[in-house]
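Morning, everyone. One structure today, and I'll keep it brisk. Please have a look at the screen.

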Amino acid sequence: NMAEECPPDIETLGRGSWNLLHSIAAQYPENPTRTDQNNVRDFMRLFATLYPCWVCGEGFAKYQSRKPMPTQSRNAFGTWLCDAHNEVNRRLGKPEFDCSKWEERWRTGWKDGRCD
Ligand code: FAD
C-alpha cells in the first residue's frame, strides 16, 4: 500500500495516536504510584505540546486545562481520555463512543468474543 509510505495526513496520524493513547490507558495501573501519576500527566502535557498537528494539540491542551486529568486509577484516566476523544468526535461530526465500554474496546476485548 503506497499510501502507508507517504507522510501521514491528519487522519492517519490521529488513528495511530488514539491507538497509542488508549493503549497507554489500558496498561495504566489500577493502583498507580505517585511516579506513575506524575509520568502520565507529564506525558499527556508534552504529547499535546509536540503533537504534529498544531490545532489538534492545542485542542487537547485546552481540554487538559478545562478538565484536569485524573490519575488515581486506570478507569478514571481511561474515561477522561475517552471523553477527550469524544470531544474531537463531536467537533468532526463523528459518532460518539460509549465510554462505559472503553476497556472492552482497548483492554479486554468485546464481551461477545469479537477479538478472540
Ligand atoms: P479515530 O477517531 O482515529 O478513532 C480510532 C478508533 O478509536 C475508532 O475506530 C473507535 O474504535 C475508537 N474510538 C472512537 N471514539 C472513541 C472514544 N471516544 N474513546 C475510545 N475509543 C474511541 N482531527 C481533526 O481533524 N481536527 C482536530 O482538531 C483533531 N484533534 C485531535 C486531537 C488528538 C489528541 C488526536 C489524537 C487526534 C485528533 N484528530 C483531529 C484526529 C481525529 O481525532 C481522528 O483520529 C481522525 O479523524 C481519524 O478518525 P477515524 O474515524 O479513523 O477514528
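Which element gives the largest share of the shell around the ligand? That would be α1, with 7 residues. Keep in mind that this is a predicted model.

Let me stay with the ligand. There are 21 residues around it. Coming nearest are Gly14, Ser17, Cys56, His85 and Phe97. Four elements give two or more residues to that shell. They are α1, spanning 10–27, α3, spanning 54–66, α4, spanning 74–92, and α5, spanning 102–108. By residue class, the shell divides into 10 nonpolar, 7 polar and 4 charged.

Now the confidence. The mean pLDDT of the chain is 96. Of its residues, 97% reach 70 or more. The scores for the model are ipTM 0.99 and pTM 0.96. A general caution on reading such models: where pLDDT is low, the coordinates should not be read in detail.

Next, the fold. The chain has 5 helices and 0 strands. Along the sequence, the pattern reads α-α-α-α-α. Why can we call the chain as compact as a globular protein of its length? The radius of gyration is 15 Å, and the globule rule gives 13 Å for 116 residues, so the two values are close. The C-alpha atoms fill a box of roughly 40 × 35 × 25 Å along the principal axes.

What about burial? Buried residues make up 11% of the 116 in the chain. As for contacts, take those with a separation of 6 or more. Residues 24 or more positions apart account for 46% of them.

On to the core. Nonpolar side chains tend to be buried together in soluble globular proteins. Here, the largest nonpolar core has 10 residues. The list runs Ala25, Tyr28, Phe60, Phe77, Trp80, Leu81, Cys82, Ala84, Trp102 and Trp106. Two elements, α4 and α5, give two or more residues to this core. The largest share, 5 residues, comes from α4.

Take Phe77, one of the core residues. Which residues does Phe77 touch, leaving out those up to four places away in sequence? Ala25, Tyr28, Val40, Met69, Pro70 and Thr71. Two of these, Ala25 and Tyr28, are listed in the core as well.

Now two residues in helix α4. Start with Arg74, which lies in that helix. Is Arg74 buried or partly exposed? Partly exposed, because 18 C-beta neighbours fall inside 10 Å, and a buried residue needs 20 or more. Beyond four places in sequence, Arg74 touches Ala25, Tyr28, Pro29 and Glu30. Pro32 is 42 residues away from Arg74 in sequence, yet the C-alpha atoms are 7.9 Å apart.

Asn75 lies in α4 too. Its class is partly exposed, with 14 other C-beta atoms within 10 Å. Tyr28 and Asn75 are 47 residues apart in sequence. In space, C-alpha to C-alpha, the distance is 8.9 Å.

Last stop, Gly113. Where does Gly113 sit? In the segment after α5. Gly113 counts as exposed, because it has 7 C-beta neighbours inside 10 Å and the cut-off for exposed is 12 or fewer. Along the chain, Gly113 and Cys53 are 60 residues apart. Their C-alpha atoms are separated by 36 Å.

That's the tour. Over to you.

Technical notes: Residues are numbered from 1 along each chain as its sequence is written. This is a predicted model: local features need pLDDT of at least 70, side-chain atom pairs count only at pLDDT 80 or more; totals for chains, interfaces and linings use all residues. A residue is near a molecule or strand if its C-beta atom, placed from the backbone, lies within 6 Å of it. Ala, Val, Leu, Ile, Met, Phe, Trp, Tyr, Cys and Pro count as nonpolar, Asp, Glu, Lys and Arg as charged, and the others, Gly among them, as polar. The radius of gyration is taken over C-alpha atoms; the globule rule is 2.2 Å times the number of residues to the power 0.38. Two residues are in contact if their C-beta atoms, placed from the backbone, lie within 7 Å. pLDDT is the predictor's confidence in each residue, from 0 to 100. A nonpolar core is a set of buried Ala, Val, Leu, Ile, Met, Phe, Trp, Tyr and Cys residues joined through C-beta atoms within 7 Å.
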